[in-house]
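Hi,

Here's the structure I promised to pass along. Have a look at it first, and my notes follow underneath.

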Amino acid sequence: MSVIPLDNQGNGERVPLGAFPTPLEPLDRLTEHLGGPRVWAKRDDYSGLAGGGNKVRKLEFLLADALRQGADVVLTCGAVQSNHARVTAAACSRLGLACELWLNRRVPDRQGSYELSGNLLLDRLLDARIELLPGDVDAELAAEQRTVELTGMGLRPYLIPTGGSNALGARAYVDCAQELLDQADRAGVSPGTIVVPMGSGGTLAGLSAGLGMAGWTGRLLGIAVSATPWERVAALAGETASALGQPGSVREFELDDGFVGPGYGVPTVDGIDAIRLLARLEGMLLDPVYTGKTMAALIAHVLSGALSSDEDVLFLHTGGWPALFAYLEDL
Ligand SMILES: Cc1ncc(COP(=O)(O)O)c(C=O)c1O
């Protein structure tokens, strides 16, 4: 598989895995329903590769690094229904690499479909080795220990952190920022606010760096789906911009943690309502963990007037629909 060099500093090489650019689409029926600002969606749920989502972009960079290092096995970690784990497994299949997924049961009180369907079913089909850990076990630490063990066995493991959120993974969203600004420009749209889910933070950090480098001056709004501290995301944005030779070129972002509900991976009434609304009005599939809660926040901000009706609002659709099947009891 070829690796594409993107710049002449040796930074940012990527291995092609997805279908880019992803479309930028107006959500006309949602806009009409809300009677507020014009809402657009950047469709990173259409990025391809076994269900797509935001992780495809990150893995193009991370797995190029793994190939450069001569890795033969890739390890990553997350929650049982991690989209990142599913896309990592798919990318490893495509590249002929072995894949180990270290997943913990951090979402409480889940039965039935949660460990039988959704991303976990796909992980199995994609031939990953899966380790299910108790909820209080640090999956990242377990994967680190396994990496040491594999090295001792003479293998060349490559460990990807939770959500692929290091500076190399976040680098992918620098490109996405430019891609969406170009598309908006061509469509005659000038987004005043960009709304994006925030889990491990690499997506928001990369956008913050990319939008800052592009000189964009709008409002970047992250919607938290877990308790990730914003300081960590801000530091990652700075690190990402520095790695590209532009330290300090970051767009500041705001973080709204009012839509997490009881916790990561636990569905909320507003989030489920948003899933149903977007399916009915736009034929668009959201998910209960990330994009449903983020759309619920966007809708609430429109209804409260916090997003003004004369602006264009851009929702970054980061994917996640395979998890719907793991939450069928909630839907
Ligand atoms: C569908 C989906 N949306 C958003 C996110 C959040 O992205 P990040 O971890 O980069 O904050 C994830 C992360 O797993 C995801 O799977």
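**Asp44 and its surroundings**

Asp44 sits in the loop that runs between strand S2 (38-43) and helix H2 (55-68). Before you go further, keep in mind that this is a predicted model. Asp44 has a relative accessible area of 0%, so it counts as buried.

Which side chains make polar contacts with the side chain of Asp44? One is Arg57, at 2.7 Å, and another is Tyr173, at 2.5 Å. If you skip the neighbours within four places in sequence, Asp44 is in contact with Thr22, Gly52, Gly53, Asn54, Arg57, Tyr173, Cys176, Leu316 and His317. So if you centre your view on Asp44, those are the residues to display.

**The nonpolar cores**

The largest nonpolar core has 38 residues, and the members that touch the most others are Leu17 and Leu63. H2, strand S3 (73-79), helix H3 (83-95) and strand S4 (98-104) each put at least two residues into this core. H3 gives the largest share, with seven residues.

Leu17 is worth a click too. Leaving out residues up to four places away in sequence, Leu17 touches Leu49, Val56, Leu59, Glu60, Leu63, Ala91, Arg94 and Leu95. There is also another core, apart from the one Leu17 belongs to, with 30 residues. Met198, Ala205, Trp216 and Ala237 are among the residues of that other core.

**Helix H3**

Since H3 came up above, here is some detail on it. Is H3 largely enclosed or largely open? Eleven of its 13 residues are buried, so the rest of the structure largely encloses this helix. The buried ones are Asn83, His84, Ala85, Arg86, Val87, Thr88, Ala89, Ala90, Ala91, Cys92 and Leu95. Charged and polar names turn up in that list alongside the nonpolar ones, including Arg86 and Asn83. The cover over these buried residues includes H2, S3, S4 and helix H4 (118-125).

The length of H3 checks out as well: at 1.5 Å a residue, its 13 residues should span 18 Å, and the end C-alpha atoms are 18 Å apart, which agrees.

Both ends of H3 have something to look at. At the N-terminal end, Ser82 acts as a cap, with a side-chain oxygen 3.2 Å from the backbone nitrogen of His84. Just after the helix, Gly96 takes a positive phi of about 70 degrees.

Cheers

Definitions and conventions. Residues are numbered from 1 along each chain as its sequence is written. This is a predicted model: local features need pLDDT of at least 70, side-chain atom pairs count only at pLDDT 80 or more; totals for chains, interfaces and linings use all residues. Side-chain values use heavy atoms; hydrogens and water are left out. Helices (H or I, at least four residues) and strands (E, at least two) are DSSP runs, numbered from the N terminus. Buried means under 20% relative accessible area, exposed over 50%, partly exposed in between (1.4 Å probe, protein chains only). A polar contact is a pair of N or O atoms within 3.5 Å; within protein, one must be able to donate a hydrogen and the other to accept it, and residues adjacent in sequence count only if both atoms are side-chain atoms. Contact means heavy atoms within 4.5 Å. A nonpolar core is a set of buried Ala, Val, Leu, Ile, Met, Phe, Trp, Tyr and Cys residues joined through side-chain atoms within 4.5 Å. The expected span of a helix is 1.5 Å times one less than its number of residues.
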